[in-house]
Structures are given as C-alpha cells and as structure tokens.
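Grab a pencil and work through these exercises with the structure open beside you. Try each task before you read its solution.

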Amino acid sequence: LSTALPSAKFVLKMLELKGPMSARELVEGTRLPEGTVRHALAELQRRNLVRRVANLRDAGQVCYGFAS
C-alpha cells in the first residue's frame, strides 16, 4: 500500500472507519471529486484490498468494503 495514491489510502481509511459505503457516500465523506473516488476504488480493487459488497439498505446500489 505504500505505493498507492494518497486518495486511495484516504478512501481505504474511510472504509475502515465507517464500514461498507457507496461511491456517493465516499464522495460526500471524503469531499474528493467523484472521478478521484472511482479511480481510487478501482486501484484498491486491483490490489484486492476492496471489493463490491451487497448494500443492505438499497439493493440497487453498489457498496464497497474490505476484501476478505
């Protein structure tokens, strides 16, 4: 993770603190631009640190959480 983008580290920390979140919730929580959050999520998924998880509040919405 030492070579990860700062935005990816920030997004990962938010998921660690808050649990699974949607991309929209991450944008609102981090105040990063939507494209930056999506890029960070893609990087974290490539590194197998984050995965898509079911959203129990809204089945139509994708959330992201720690990969297990």
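**Exercise 1: A loop residue**

Task: Find Asn 48, which sits in the loop between α3 and β2 (50-53). Is Asn 48 buried or exposed?

Solution: A quick reminder before we start: you're looking at a predicted model.
- Step 1. Recall the cut-off: a residue is exposed when its relative accessible area is over 50%.
- Step 2. Asn 48 has a relative accessible area of 60%, so it counts as exposed.
- Step 3. Now check the backbone. Asn 48 isn't a glycine, yet its phi is positive, at about 60°.
- Step 4. That's worth a note because most residues other than glycine have a negative phi.

**Exercise 2: Another positive phi**

Task: Where does Arg 31 lie, and what is its phi?

Solution:
- Step 1. Go to the loop between α2 and α3; that's where Arg 31 lies.
- Step 2. Read its phi: the value is near 65°, which is positive in a residue other than glycine.
- Step 3. Look at the surface. Arg 31 has a relative accessible area of 77%, so it is exposed.

**Exercise 3: The overall layout**

Task: How many helices and strands does the protein chain have, and in which pattern do they follow along the sequence?

Solution:
- Step 1. Count the elements: you should get three helices and three strands.
- Step 2. Walk along the sequence, and the pattern reads α-β-α-α-β-β.
- Step 3. Check the overall dimensions. The C-alpha trace spans about 35 × 25 × 20 Å along its principal axes.
- Step 4. Compare with a globule. A compact one with 68 residues would have a radius of gyration near 11 Å, and the protein chain has 11 Å, so the two agree.
- Step 5. Ask how far apart in sequence the touching residues are. Of the contacts with a separation of 6 or more, 44% are between residues 24 or more positions apart.

**Exercise 4: The nonpolar core**

Task: Which residues touch the most other members of the largest nonpolar core?

Solution:
- Step 1. Start with the whole chain: of its 68 residues, 34% count as buried.
- Step 2. Pick out the core. It has 15 residues, and those touching the most other members are Val 11, Leu 15, Leu 26, Leu 41, Leu 44, Val 50 and Tyr 64.
- Step 3. See where the core comes from. Two or more residues each are given by α1 (6-18), α2 (23-30) and α3 (34-46), and α1 supplies the largest share, with five residues.
- Step 4. Zoom in on Leu 44. Leaving out residues up to four places away in sequence, Leu 44 touches Leu 1, Ala 8, Val 11, Leu 12, Leu 49 and Val 50.

**Exercise 5: Two buried residues**

Task: Are Ser 7 and Glu 43 buried or exposed?

Solution:
- Step 1. Use the cut-off for buried: under 20% relative accessible area.
- Step 2. Ser 7, found in helix α1, has 14%, so it's buried.
- Step 3. Glu 43, placed in helix α3, is at 7%, so it counts as buried too.
- Step 4. Compare their partners, skipping residues up to four places away in sequence. Ser 7 touches Leu 32, Thr 36 and Ala 40, while Glu 43 is in contact with Thr 3, Ala 4, Leu 5 and Ala 8.
- Step 5. Finish with the distance. Ser 7 and Glu 43 are 36 residues apart along the chain, and their C-alpha atoms are separated by 10 Å.

Note on methods:
Residues are numbered from 1 along each chain as its sequence is written. This is a predicted model: local features need pLDDT of at least 70, side-chain atom pairs count only at pLDDT 80 or more; totals for chains, interfaces and linings use all residues. Side-chain values use heavy atoms; hydrogens and water are left out. Helices (H or I, at least four residues) and strands (E, at least two) are DSSP runs, numbered from the N terminus. The radius of gyration is taken over C-alpha atoms; the globule rule is 2.2 Å times the number of residues to the power 0.38. Buried means under 20% relative accessible area, exposed over 50%, partly exposed in between (1.4 Å probe, protein chains only). Contact means heavy atoms within 4.5 Å. A nonpolar core is a set of buried Ala, Val, Leu, Ile, Met, Phe, Trp, Tyr and Cys residues joined through side-chain atoms within 4.5 Å.
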